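Reader: I keep meeting labels such as "oblique" and "buried". Could you show me how each label follows from a value?

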Amino acid sequence: MASSSAQSPSFRSVFDAAYIRSEFSAAGISAHFIPLIWKYVLQNPRCGDLDGVPSLPATAYALLRKKFRPTTSTLTTAADSKDRTTTKLLIRLQNGESVEAVVMRYDTRLGKCDGKPRPGGVRSTLCVSSQVGCKMGCRFCATGTMGFKSNLSSGEIVEQLVHASRYSEIRNIVFMGMGEPMNNYNALVEAIGVFTGSPFQLSPKRITVSTVGIIHAINKFNNDLPNVNLAVSLHAPDQDIRCQIMPAARAFPLAKLMNALQSYQNDSKRTIFIEYIMLDGVNDQEEHAHQLGKLLETFKAVVNLIPFNPIGSSSNFKTSSDQNVKKFQKIIRGIYNIRTTVRQQMGQDIAGACGQLVVSLPDERSDGGATLLSDIEDLGI
């Protein structure tokens, strides 16, 4: 049986924020040096040690040598999609396991705001993993076939951004990679604290956390992570279908989940993103669209319809037809006046699209320009 965390490593990542702060405090070293260390590693991603960090007290260098590494994970491989919009990173952890992160490139000018092209230019979103594998077992998701192996430390989550920054300047973070972020809650909160502080300085409004609906975590999400976006992998408008395709839904009844989301929205005043994977004949019929519309009509929500990505010849599901997707969208948008988008699929040829993340990657990467897409953030919500 897999343990929930790896054995204590001999060295820790400098990005394990709570640990390095605790160690510095115990040694009488000011915490204000820590962002300087992070900045150095970010600017020198291949540095093997921390002796080159400028202007630290001598005691800090000694402590860093004894207990920390610039990064504890290694970028094993990076593979580009054929259209160059997506780069999938295979990252090996200190415990020998691997996770995947995906860089997705967008062009803000392809989006519309009040019917006009948006200003701006190219930007990148990083899809990060929070666990090795996942215990949720969603039947349409490749990651679920791995089972659950371990939680990532906050430092291992942050290191995905450090590795990705070698390939692109990251503007947005989405926790939609391997794992259920809310099942690694403390590390999630700590990692986002690092993302939004110096030197990364990402806006919390450009960070999105996706969950299958862990109710007790949703109940404290707004207090712990104000202004961070919440996305819910709903995937069905009633409890029976959810349980069929998402076994973990049995622990989170739909009625209780919707009550938790209503409380969250009342407190946060933020739009909730609803993820809905389109499975042919399972959840994509007109009756399901009406059920979903009625379920969400009291919410300020954006429904993101996601074409199903097959995860191999053994898959029990098929992708909904374009006709069904359009009909579904028309009902949600036209009758219930709910903002509804269809996700643009990126990285399918490198198994980097939604639901495809499972550790397997060709040992090659290519260079070249990118064909740029518009991001969901450009919808003028």
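Author: Start with two helices in this predicted model. H1 and helix H2 (residues 34–43) pack with their axes 11 Å apart, at an angle of about 130°.

Reader: Why are H1 and H2 called oblique to each other?

Author: Set the angle of about 130° against the cut-offs. Roughly perpendicular covers 65 to 115 degrees, and roughly antiparallel means over 145. The angle of H1 and H2 falls in neither range, so the pair is oblique. The crossing of H1 and H2 is right-handed.

Reader: Which residues make the contact?

Author: H1 brings Ala17, Ile20, Arg21 and Phe24. H2 brings Ile34, Ile37 and Trp38.

Reader: How do the residues of the contact divide into nonpolar, polar and charged?

Author: Six are nonpolar, none is polar and one is charged. Arg counts as charged, so Arg21 of H1 is the charged one.

Reader: Now the salt bridges. How many does a search of the whole structure find?

Author: Six. One of them joins aspartate 16 and arginine 12.

Reader: What makes aspartate 16 and arginine 12 a salt bridge?

Author: The cut-off is 4 Å, from a side-chain nitrogen of Lys or Arg to a carboxyl oxygen of Asp or Glu. Here the closest N and O atoms are 3.3 Å apart. That is within the cut-off, so the pair counts.

Reader: Are aspartate 16 and arginine 12 buried or partly exposed?

Author: Buried means under 20% relative accessible area, and exposed means over 50%. Aspartate 16 has 5%, so aspartate 16 is buried. Arginine 12 has 27%, so arginine 12 is partly exposed.

Reader: How do you know that lysine 67 and glutamate 23 form a salt bridge?

Author: Their closest N and O atoms are 2.7 Å apart, and the cut-off is 4 Å. Lysine 67 lies in helix H3 (residues 58–67) and glutamate 23 in helix H1 (residues 17–26), so the pair ties together parts 44 residues apart in sequence.

Reader: Which label does each of lysine 67 and glutamate 23 get, buried or partly exposed?

Author: Glutamate 23 is at 16%, so glutamate 23 is buried. Lysine 67 is at 25%, so lysine 67 is partly exposed.

Reader: What about glutamate 286 and lysine 327?

Author: Their side chains meet in a salt bridge at 3.7 Å, N to O. The pair links helix H9 (residues 286–296) with helix H10 (residues 322–334), distant parts of the chain 41 residues apart. Glutamate 286 is partly exposed at 42%, and lysine 327 is partly exposed at 33%.

Definitions and conventions. Residues numbered from 1 in each chain as written. Predicted model: local features only at pLDDT ≥ 70, side-chain atom pairs only at ≥ 80, totals over all residues. Heavy atoms only, no water. Buried < 20%, exposed > 50% of the residue type's maximum accessible area, 1.4 Å probe, protein only. Helix = DSSP H or I, 4+ residues; strand = E, 2+ residues; numbered from the N terminus. Axes fitted to C-alpha atoms, helices over the stretch in contact; angles between N-to-C directions. Parallel < 35°, antiparallel > 145°, perpendicular 65-115°, else oblique. Left-handed = near helix turned anticlockwise from the far one by under 90°. Contact = heavy atoms within 4.5 Å.
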